[in-house]
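Trainee: Could we go through this structure together, one feature at a time, with the reasoning spelled out?

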Amino acid sequence: FSLCQKAEELLVEEANVQPIQMPVTICGNINGHLLNLLELFRLGGDIATTNYLFLGDYIDRGYDSIETFSLLLCYKVKYPSHITLLRGHHESISATSVHGLYDEVLRKYGNALPWKYCCSVFDYLGIAAVVDRNTFCVHGGLSPEINLIDTINTINRFAEIPASGAVCDMIWSDPDNVEDWQESPRGGGYLFGSNIVDKFNYINNI
């Protein structure tokens with residue numbers, strides 16, 4: 001509980017779109033695979049001297065979700081300027097109730113309190129990052145509701161991932177070989193084509 005509280009105190013001060021300077025190591029889904037995370041840090045470099053950007057989906061599917069997320073939070077508390085944690089679609093009450101974290105916590109702790117603490121932290125995670133003012137990073141993709149990156153910073157992110165809207169889109173959407181916007185078969189967000197990406201990049205000068 002204390003670890004989660006300290007992490008929230010740091011995360012609440014961060015913007016929805018966190019500015020990051022190069023050099024930085026950008027990391028994709030971990031999904032509860034602790035050994036993969038440890039290997040990533042071994043290959044990527046000591047976090048005391050290396051900057052990392054994680055794009056979400058830290059938990060579920062693997063067998064060590066709670067340890068994986070706890071380690072990332074420990075690093076966030078100890079080296080807050082060296083690690084940025086964005087939110088993925090698994091960082092939600094609904095996903096973790098079905099895909100592994102909730103059951104794992106019950107099995108390892110005998111109660112759901114650690115799961116509840118983690119779900120609280122999820123609501124504090126950032127939505128996106130911009131590296132060196134020219135590279136936009138997000139877990140999922142773009143949203144028809146967002147043209148300007150600066151608009152993302154006006155959103156209240158401190159809540160469960162909504163079923164629709166800009167936050168949902170940026171966490172759930174996927175690039176695809178399509179024209180314009182199409183509804184996603186996953187039930188949240190959109191599929192979007194290269195023309196949408198080109199327009200977004202042009203408007204935001206990235």
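What follows is a set of questions and answers on strands, helices, cysteines and some single residues.

Mentor: Before we begin, keep in mind that this is a predicted model, in which local features need pLDDT of at least 70 and side-chain atom pairs count only at pLDDT 80 or more, while totals for chains, interfaces and linings use all residues. Residues are numbered from 1 along each chain as its sequence is written, and side-chain values use heavy atoms, with hydrogens and water left out.

Trainee: In helix 1, which residues are buried?

Mentor: Helices here are DSSP runs of H or I with at least four residues, strands are runs of E with at least two, and both are numbered from the N terminus. Buried means under 20% relative accessible area, exposed over 50%, and partly exposed in between, with a 1.4 Å probe and protein chains only. By that rule the buried residues of helix 1, which spans residues 2-11, are Cys4, Ala7, Glu8 and Leu11.

Trainee: Within what arc do the buried residues of helix 1 fall, seen down its axis?

Mentor: The arc is that of the directions from the helix axis to the C-beta atoms. What covers these buried residues includes helix 3 (65-78) and helix 6 (113-122), where contact means heavy atoms within 4.5 Å. The buried residues of helix 1 line one face of the helix, because they fall within an arc of 100°.

Trainee: Which helices are among those that cover the buried residues of helix 6?

Mentor: The buried residues in helix 6 are Pro114, Trp115, Cys118, Cys119, Val121 and Phe122. Seen down the axis of helix 6, they fall within an arc of 155°, so they line one face of the helix. What covers them includes helix 1, helix 3, helix 4 (93-99) and helix 5.

Trainee: How do helix 3 and helix 5 pack, roughly parallel or roughly perpendicular?

Mentor: Axes are lines fitted to C-alpha atoms, for helices over the stretch in contact, and angles run from 0 to 180 degrees between N-to-C directions. Helix 3 and helix 5 (residues 101-109) pack at an angle of about 95°, with their axes 9 Å apart; the contact involves Ser65, Ile66 and Glu67 of helix 3 and, from helix 5, Leu101, Glu104, Val105, Lys108 and Tyr109. Angles under 35 degrees count as roughly parallel, over 145 as roughly antiparallel, 65 to 115 as roughly perpendicular and the rest as oblique. The angle of about 95° therefore makes helix 3 and helix 5 roughly perpendicular.

Trainee: In strand 6, which residue is the bridge partner of Ala128?

Mentor: Two strands pair if DSSP finds at least two bridges between them. Strand 5 (residues 128-131) and strand 6 (residues 135-138) run antiparallel and are joined by four bridges, and they form a hairpin with three residues between them, where Asp132 in the turn has a positive phi of about 50°. Four bridges also join strand 5 to strand 1 (residues 17-20), and these two run parallel. The bridge partner of Ala128 in strand 6 is Val138.

Trainee: What is the order of the open sheet of three strands?

Mentor: Strand 7 (174-175) and strand 8 (181-183) are the edge strands, each pairing on one side only. Strand 7 pairs with strand 9 (residues 190-192) in the parallel sense over two bridges, and Pro175 has Phe192 as its bridge partner in strand 9. The pairing in this open sheet is mixed, and its order is 7-9-8.

Trainee: How many disulfides does a search of the whole structure find?

Mentor: A disulfide is taken as a pair of cysteine sulfur atoms within 2.5 Å. Cys27 is in no disulfide, as its nearest cysteine sulfur, that of Cys137, is 11 Å away, and Cys74 is in none either, with the sulfur of Cys4 nearest at 9.5 Å. For the whole structure, the number of disulfides found is zero.

Trainee: At what relative accessibility does Phe54 count as buried?

Mentor: Phe54 lies in strand 3 (residues 52-54). Leaving aside neighbours within four places in sequence, Phe54 is in contact with residues including Cys27, Ile30, Leu37 and Leu40. Phe54 counts as buried because its relative accessibility is 0%.
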